[in-house]
Amino acid sequence: MSDPKISACGFMPPHVLERVAAQGSVRLRRCAQQTLEADHWFRQRGAPAPQRDAARAVVGRPDRRIHSAENEQTLPGRLVRDEGQPTSGDPAVDEAYEWLGATYRFYWEVFERDSIDDKGMPLIGTVHYARDYDNAFWNGSQMVFGDGDGELFRRFTAAPEVIAHELTHGVIERDVGLIYADQAGALNESLADVFGVLVKQYHAGQSPQAADWLIGANLLTDQVQGQALRSMKAPGTAYDDPVLGRDPQPSHMRDFVDTQADNGGVHINSGIPNRAFYLAAVALESPAWEIVGPVWYAAMRDAALSREADFAAFAALTLDHAERLHGPESRERRAVDEAWREVGVVS
Ligand SMILES: [Zn+2]
């Protein structure tokens, strides 16, 4: 792939959709093929970022607008729930509203970040996009959710970490602009998973020991042999299914996958830094958003992090920030150091 930009990238790893398009039933092949075609169509189109309406501007409060595409492909579609309005009774609408709000609250309450751009950008969502659409994406100005095919994948609003993952790509694009290829791309994917899973844990008030560390846990139907699309705790074990194949993520540098596919394996090798974050978080008793999350956030926003950074460069910055925040001999710094050693990034 020639364009390493992320702005219209969907949540579903291309290797999963390509596998369903090749191995699924006639209907599932059609669903996956249509999703891949719609994704391609979206990548061709840029979208201007919406500006916050001065009349509604309240710092520290989200500005959500949920629309329905009514199974068409026109965006944003019909407005069905505006900020402050009561629940609509349509689960897709209400989940999109709730999880966009949870993501906003996480970034505001933990990092004092006012939306993706830190300038109160409205959070616009469209549900019921197309038919049987097996994806969700942030196109640079809004979130779009499919209903899923119903056989393998459920509606994409069901998983808060999917929404938080996609919005975090917007944050990364603004703060660092990590290129979306090779190790920098896998780091980009990993950061989207890290903050995605933190939104879920923060919302549920979960300790790192109690959390499931799964990405896309509610997306798979019970017909799929698997529990999610990725596991940060045990990369490579999220699913093993006749149609989807087997989770290809490595959990250690010795198993790093050299491939041209998926922009150099960005959704595959992200398993390595994902597991490092998990290990650092469980080594400490505190909630992950209190200690390790802020270390990762500071490293991500450090001006020294280059757009082409590899895992080792990022690991070095997390160690710098753990030291700055907690001291050179602190157990926090030691937990971060041991985590990167355990996945083979630091030797
Ligand atoms: Zn992603």
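Me: Which residues does the UniProt annotation "active site" cover?
Reply: Keep in mind that we're looking at a predicted model here. The label comes from an unreviewed UniProt entry, so treat it as an annotation that may be inferred rather than shown by experiment. The residues it covers are Glu 166 and His 267.

Me: Why can we say that these two gather at one spot, and what C-alpha distance backs that up?
Reply: Along the sequence, Glu 166 and His 267 span 102 residues. In space, though, no two of their C-alpha atoms are further apart than a certain limit, so they gather at one spot. That limit is 13.3 Å.

Me: Which helix does Glu 166 lie in, and which cavity lining includes His 267?
Reply: Let's take the two residues in turn. Glu 166 lies in helix H4. As for His 267, the lining that includes this residue is that of the second largest cavity.

Me: What is the volume of the second largest cavity, and how do its lining residues divide?
Reply: Among the residues lining this cavity are Pro 13, Val 16, Tyr 239, Asp 247 and His 267. Its volume is about 40 Å³. Sorted by type, the lining has five nonpolar, three polar and two charged residues.

Me: How many cavities of 30 Å³ or more does the whole structure have, and what is the volume of the largest?
Reply: A search of the whole structure with that cut-off turns up two cavities. We've already met the second largest, at about 40 Å³. The largest has a volume of about 60 Å³.

Me: Which helix gives the most residues to the lining of the largest cavity?
Reply: The lining includes Thr 103, Tyr 104, Tyr 107, Leu 167 and Val 171. Two elements give two or more residues to this lining, namely H3 (91-111) and H4 (160-175). By type, the lining residues are six nonpolar, two polar and one charged. The top contributor, with three residues, is helix H3.

Me: Where do helices H7 and H10 touch, and at what angle do they pack?
Reply: H7 takes in residues 271-283 and H10 residues 331-342, and their axes are 8 Å apart. H7 passes H10 in a right-handed crossing. The contact includes Ala 276 and Leu 279 of H7, and Val 336 and Trp 340 of H10. The packing angle is about 145°.

Me: How do the residues of that H7 and H10 contact divide by type?
Reply: Some of the names give you a clue: Pro 273 and Ala 280 of H7 take part, and so do Arg 331 and Glu 342 of H10. The full division is nine nonpolar, no polar and three charged.

Me: What is unusual about the backbone in the loop between S1 and S2, and which residues are involved?
Reply: Most residues other than glycine have a negative phi, and most peptide bonds are trans. Glu 70 lies in this loop and has a positive phi of about 50°, although it is not a glycine. Pro 76 lies in the loop too, and the peptide bond leading to Pro 76 from Leu 75 is cis, with omega near 0°. So the names to remember, by that general rule, are Glu 70 and Pro 76.

Me: Which residues does UniProt list for the two Peptidase M4 domain features, and what is the helix content of each span?
Reply: The unreviewed entry places "Peptidase M4" at residues 74-173, a span with 16% strand and end C-alpha atoms 25 Å apart. "Peptidase M4 C-terminal" is listed at residues 177-345, where strand makes up 5% and the end C-alpha atoms are 22 Å apart. The helix content is 35% for residues 74-173 and 47% for residues 177-345.

How values were computed. Residues numbered from 1 in each chain as written. Predicted model: local features only at pLDDT ≥ 70, side-chain atom pairs only at ≥ 80, totals over all residues. Heavy atoms only, no water. Axes fitted to C-alpha atoms, helices over the stretch in contact; angles between N-to-C directions. Helix = DSSP H or I, 4+ residues; strand = E, 2+ residues; numbered from the N terminus. Left-handed = near helix turned anticlockwise from the far one by under 90°. Contact = heavy atoms within 4.5 Å. Nonpolar A, V, L, I, M, F, W, Y, C, P; charged D, E, K, R; others polar. 1 Å grid on protein atoms, 1.4 Å probe; cavity = no way out; pocket = protein on both sides within 12 Å on 5 of 7 lines; lining within 4 Å. Points joined across faces, edges and corners; volume = space filled by probe spheres on them.
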